[in-house]
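Let's take a walk through this structure together, one helix at a time. Keep the sequence and the 3D view handy as you read.

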Amino acid sequence: MLFLASSFGRSIAHPKLGTVFGIMMQVRSHMQITGHIANLTQRLQNTFTQTLYVLFPMPNTRSQTLAETIKRARQQPFRAVIFLRSEHKITAFLETVLHNRAVANGTQSLHVILHRQLQQVTQLRECLKRLHFLEDLELILPHLSPPRWVRLLHDLRFPRLDLLRTNAPHSVVATFLELHNDLVYLSIKACGRTRRPCPLGQMQLGNLRDASGPLGCIVTLAQHSPVSRVSAQLSFVMDHDPVVTSTLTLTLLMVADNITVLELEFDPTDVNVLECIASNTPALRSLKLVKIKSTMMSRVSHRRAWKSAEEWGKTLRRLTFLQNFALCTSIAVTPIPGDIDREYRLVSQWGGCKTPHPTLRHVILWYLYGTLQDHMTYWNRRWSDREHCWSRWEQTNRFDSPDSSLFV
Ligand SMILES: [Zn+2]
């Protein structure tokens with residue numbers, strides 16, 4: 001009688017084995033056995049096998065499982081920046097911080113970015129409760145209801161936190177900020193309120209320098225906070241009304257007159273947008289204008305804010321500290337897209353040739369985005385020590401597949 005020992009029964013049906021009368025099989029876990037038995041039974045149907053021995057492992061006790069978990073957690077290396085992009089990763093990270101204080105205390109920057117709805121709010125909350133030295137917190141949790149956001153963040157306090165980036169409703173953000181009013185950087189998404197005033201309007205954040213979010217909410221926030229870097233998007237339906245948009249933009253520029261870096265979504269039919277910026281933000285160093293997406297606009301118009309390049313050049317020269325200027329639009333900014341001579345003429349008018357802009361050095365054009373001709377070009381100008389004058393504008397980079405991270 002031939003007995004064959006096999007851990008998984010993989011070689012049972014090999015023709016060179018000849019006649020097999022008995023099999024001894026060891027499995028690694030009880031979970032494996034059902035599939036293996038079914039597989040073996042099928043393979044052995046036409047053989048002479050009469051005996052099948054299956055050796056089961058001893059089941060792990062609860063204390064053995066815990067010991068393995070602790071051992072695994074303590075082997076995890078320390079990392080200051082943690083990215084969690086799935087619920088499974090959150091579970092694993094909780095296991096680590098529960099048993100490894102060095103990892104919990106060493107985490108300075110936590111980024112939880114999910115693409116599906118979070119199921120286990122408690123698990124993430126338990127993770128957060130153990131991160132006492134967190135400085136940056138990013139929570140992008142789609143479709144999470146306001147009550148579950150409250151459950152997640154209720155009474156959590158991070159003494160060193162200075163950056164918060166989240167898609168939480170602003171009522172939840174406002175409550176969270178009451179315990180974190182030293183925040184320096186705040187990036188928020190949709191408000192969650194369309195009729196009542198934004199809850200952030202009452203906040204006083206004495207150290208807030210950098211704010212990013214819907215224009216209407218950023219305006220209210222900027223009234224009581226010394227923001228100098230602002231990124232404002234038009235995400236409310238009411239913001240798409242040109243009158244409301246230009247009023248909100250003007251209000252923002254008036255209340256935050258020390259802005260040095262501004263990224264603004266704007267309506268291309270608003271021909272006064274640059275004039276408004278030049279009149280109210282004299283300290284501006286970087287300006288990025290992003291044309292509102294056409295799907296957001298209820299009407300089609302052929303007016304273009306930048307139609308008169310000469311006027312834009314004059315207005316830009318009034319921004320005497322401006323070094324970087326970027327325009328992003330789905331519309332062609334030159335009659336022949338991609339024509340370097342035409343782009344040069346446009347950039348030269350903005351930056352000035354005979355009367356050059358005193359400080360402007362970098363211009364970025366990103367146009368026709370969302371179309372097959374989508375491209376971005378970088379234009380630079382250098383100061384020549386030898387000739388004591390500015391060089392001509394030169395195209396230094398061209399990206400055929402640009403993305404917003406390149407559009408600085
Ligand atoms: Zn809001």
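Start with helix α11, where the buried residues are W312, G313 and L316. If you look down the axis of α11, these buried residues fall within an arc of 105°, so they line one face of the helix. What do the buried residues of α11 pack against? Their partners are α10 (273–280), β13 (324–329) and α12.

Before going further, keep in mind that this is a predicted model. The chain has a mean pLDDT of 82, with 79% of its residues reaching 70 or more. One stretch to treat separately is residues 1–15, where the pLDDT is below 50. Beyond near neighbours in sequence, that stretch still has 29 contacts in the model.

Back to α12, one of the partners we just met. Helix α11 covers residues 309–317 and helix α12 covers residues 340–351; the two pack at an angle of about 35°, and their axes are 6 Å apart. On the α11 side, the contact is made by A309, E310, W312, G313 and L316, while α12 brings in L346, Q349 and W350. Sort the residues of this contact by type and you get five nonpolar, two polar and one charged. Notice that W312, G313 and L316 turn up here again, having already appeared as the buried residues of α11.

Now zoom out to the whole chain. It holds 12 helices and 18 strands. Of its 408 residues, 29% count as buried. Take the contacts in the chain with a separation of 6 or more: 64% of them are between residues 24 or more positions apart.

What about the nonpolar residues? In soluble globular proteins, nonpolar side chains tend to be buried together. Here, the largest nonpolar core has 86 residues, and those with the most contacts inside it are V112, A211, I218, A222, V230, L252 and I277. Which helix supplies the largest share of this core? That would be α8, with six residues. To get a feel for the core from the inside, pick A211. Setting aside its neighbours within four places in sequence, A211 is in contact with L186, I218, L221, A222, V227 and V230. Among them, I218, A222 and V230 are also on the list of residues with the most contacts inside the core.

Helix α8 (215–222) leads us on to another helix, since α8 is part of what covers the buried residues of α7. In α7, residues 170–178, the buried ones are H170, V172, V173, F176 and L177. Why do they end up on the same side of α7? They cover an arc of only 150° around the axis, which puts them there. Besides α8, their cover includes α6 (146–153), β7 (163–166) and β8 (185–188).

Follow the chain past α7 and you come to L179, in the loop between α7 and β8. L179 is partly exposed, with 14 other C-beta atoms within 10 Å. Its C-alpha is 8.3 Å from that of F158, although the two are 21 residues apart in sequence.

Next, turn to α6, which helps to cover α7's buried residues. The favour is returned: what covers the buried residues of α6 includes α7, along with α5 (121–129). Those buried residues are W149, L152 and L153. Seen down the axis of α6, they fall within an arc of 80°, so they line one face of the helix.

The loops on either side of α6 are worth a look too. H143 sits in the loop between β6 (136–140) and α6, and D155 in the loop between α6 and β7. H143 has a positive phi of about 65° although it is not a glycine, and D155, just after α6, also takes a positive phi of about 65°. Are these two buried or exposed? H143 is exposed, with 10 other C-beta atoms within 10 Å, and D155 is exposed as well, with 8.

For a last stop, go to helix α2 (residues 62–74) and find I70. I70 is partly exposed, with 14 other C-beta atoms within 10 Å. Its partner to look for is E95: the two are 25 residues apart along the chain, and their C-alpha atoms are separated by 8.1 Å.

Definitions and conventions
Residues numbered from 1 in each chain as written. Buried ≥ 20, exposed ≤ 12 C-beta atoms within 10 Å, placed from the backbone. Helix = DSSP H or I, 4+ residues; strand = E, 2+ residues; numbered from the N terminus. Arc of directions from axis to C-beta. Contact = placed C-beta atoms within 7 Å. Core = buried A, V, L, I, M, F, W, Y, C linked by C-beta atoms within 7 Å. Axes fitted to C-alpha atoms, helices over the stretch in contact; angles between N-to-C directions. Nonpolar A, V, L, I, M, F, W, Y, C, P; charged D, E, K, R; others polar. pLDDT = per-residue confidence, 0-100.
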